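Subject: Handing over the structure

Dear colleague,

I am passing this structure on to you, with the sequence and the coordinates shown just below. After them you will find an account of what came out of looking through it, beginning with the ligand.

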Amino acid sequence: FCQSLLHTVFPPELRFASLKFFHRLFGYFSTYCYYDITEIDGVNTNELYNAVQIYLSSSASISGTRLSLTRGLNSSSITYGLSNNDRLIDSYKGITVEWEHIVTQRQGQNFSWRPMPEEKRGFTLRVRKKNKHLVLDSYLDFVMEKANELRRRSQDRLLYTNSKGGSLDSRGHPWESVPFKHPSTFDTLAIDPSKKAEIMADLLDFANGESFYQKTGRAWKRGYLLYGPPGTGKSSMIAAMANYLGYDIYDLELTEVNTNSELRKLLMKTSSKSIIVIEDIDCSINLTNRNKNNNGGGDSRKNTYDLAAAPGDDGGGNSITLSGLLNFTDGLWSCCGSERIFVFTTNHIEKLDPALLRCGRMDMHIHMSYCSFAALKILLKNYLGYEEIESEEEVAAAIGAAEMTPADVSEILIKNRRDKRNAVAELTAALKVRAERNRMKSMERNGNDEAEDDEEHEKRALEFSESDHLEGNCEGFDGNEGEKLH
Ligand SMILES: Nc1ncnc2c1ncn2[C@@H]1O[C@H](COP(=O)(O)OP(=O)(O)OP(=O)(O)O)[C@@H](O)[C@H]1O
């Protein structure tokens, strides 16, 4: 009876309004203010949420009595975190703040263009009103900086790959991650030292270039195209870049992405300080339709127009197109997120669409070449500990013509790593054999070319003499051409 009386006297609307009123009143008289930092902000992952999570998980700042401990698959360390709905106190420049981790079940899924995680997570920061300015002006920046530093210091970088068929994990993420532990560094990478120094300086300039990019109004991103035969170290170079800068890697498998909009959503879910890799770009996107369409037009300017003017074009609705990809690396979407490096690799640069090679598309084209003498010396030092070898002259003479990849050389050195002398002997012999084989092949090729040329010349001479015979003159032929024909 009382309940129904209460319901009649205080209908839900009135209860809600009075609750709101008391909340406001409480807020007005309270000495605290509250900031909510939710995991997902609209459609994007909130980077501040991730930063707070890392910051609070650093053992130095943990002082709570109840912690959640996690250890990822293959991870080397335990991560501490606040348990659900638990709090901890942190201090900064003499002020005290309180963090609370709030996890609630998401109320039945509203209509959304993408499935949301089942749990709604967020942090609530409670600070005294008088300290509000310090918190907003510098504490949150401090948290972000500290989190970045912690991430960089930790060896646990992540390697992400897009889930098969665009499926989402339990937290609504389209990327699956594993700890990234590739040991390749610029010290172990066998490439020309001057090229290596140039790339390292470029990467460093990029990583420290926030103010430059802001000043010049450019999106803070950089593109590298790595090209060269298989086994010349393209993947090793990417790993070395990630280890050098402390970035995560997103290995984008384009064959698993069906449309441009799916690609856009995937790329929007990448974090800053990351390298987005598309390996074997020539095999990943089928450009034949595009080429066919454009070639049909016969106007090279039309290609450029099509690429630039078709940002939302899904290539017929259910396929991914080069324009969709370039729009992310180059167009308006490129500034969605910052401090990102795009790396495309290919074994066949000649197969790539000219639009991808055009000036300004990729900032740096890096040719990963066959093993040079300078690169070989790095491998000898890394694998055998040799600064110099006896047969240096022989090796130097053969290496250019041998066209051996660093992978081929590494294989010989690994095989004989217990017998260093034998390793060098076998390598020298292999280089000589390869150089000789290549020399023979090129002679054969030249011979064939010459024979083909002779055949062609003979054919043309015959045609010429026939026409001469028929028409009875040789106008239009100057002496030189006649000489060539002869
Ligand atoms: N430049 C290099 N410096 C050091 N090691 C190298 C280099 N190139 C190749 N290697 C060795 O060869 C192996 C294969 O190299 P990697 O996978 O990086 O070549 P790739 O060019 O990416 O080949 P693919 O085009 O087939 O993917 C590596 O594990 C590495 O040990």
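Around the ligand, helices α7 (234–245) and α16 (406–415) each supply at least two residues of the surrounding shell. Please keep in mind throughout that this is a predicted model. The shell consists of 16 residues, and those that come nearest to the ligand are Ala 190, Pro 230, Gly 233, Pro 406 and Ala 407. Sorted by class, the shell holds 7 nonpolar and 8 polar residues, together with 1 charged residue.

For the chain as a whole, the secondary structure amounts to 18 helices and 15 strands. The chain has 486 residues, of which 24% count as buried. Among the contacts in the chain with a separation of 6 or more, 71% are between residues that stand 24 or more positions apart.

Turning to the strands, there is an open sheet made of 4 strands, which follow one another in the order β1-β8-β7-β6 with antiparallel pairing. Its edges are formed by β1 (32–38) and β6 (87–92), each of which pairs on one side only. If direction is ignored, neighbouring strands of this sheet are turned against each other by 25° on average. At the β6 edge, the antiparallel pairing with strand β7 (residues 95–105) extends over 6 bridges, and Ser 91 has Thr 96 of β7 as its bridge partner. Helix α3 (residues 47–57) lies across β1, β6, β7 and β8 (119–128), and its direction is at about 105° to that of β1.

A further group of strands is built around β9 (residues 157–162), which pairs with strand β10 (residues 175–180) in the antiparallel sense over 6 bridges. Strand β9 is also joined by 3 bridges to strand β12 (residues 248–251), and there the two run parallel. A residue worth finding here is Thr 161, which stands opposite Glu 176 in β10 and also opposite Asp 251 in β12.

Among the helices, I looked more carefully at α15 (residues 392–402), in which the buried residues are Val 395, Ala 398, Ile 399 and Ala 402. These residues lie on the same side of α15, because they cover an arc of only 115° around the axis. The general background is that an α-helix has 3.6 residues a turn, so residues three or four places apart point the same way.

Just after α15 comes Glu 403, where phi takes a positive value of about 50°, although the residue is not a glycine. Glu 403 is placed in the loop between α15 and α16, and α16 is one of the helices that supply residues to the shell around the ligand. Is Glu 403 exposed or partly exposed? It counts as partly exposed, because it has 16 C-beta neighbours inside 10 Å, a number that falls between the limit of 12 or fewer for exposed residues and that of 20 or more for buried ones.

Asp 280 is another residue other than glycine with a positive phi, here near 50°. Its place is the loop between β13 (274–278) and α9 (281–284). With 15 C-beta neighbours inside 10 Å, Asp 280 likewise counts as partly exposed.

With best wishes

Note on methods
Residues are numbered from 1 along each chain as its sequence is written. This is a predicted model: local features need pLDDT of at least 70, side-chain atom pairs count only at pLDDT 80 or more; totals for chains, interfaces and linings use all residues. The arc is that of the directions from the helix axis to the C-beta atoms. Two strands pair if DSSP finds at least two bridges between them. Axes are lines fitted to C-alpha atoms, for helices over the stretch in contact, and angles run from 0 to 180 degrees between N-to-C directions. Two residues are in contact if their C-beta atoms, placed from the backbone, lie within 7 Å. A residue is near a molecule or strand if its C-beta atom, placed from the backbone, lies within 6 Å of it. Ala, Val, Leu, Ile, Met, Phe, Trp, Tyr, Cys and Pro count as nonpolar, Asp, Glu, Lys and Arg as charged, and the others, Gly among them, as polar.
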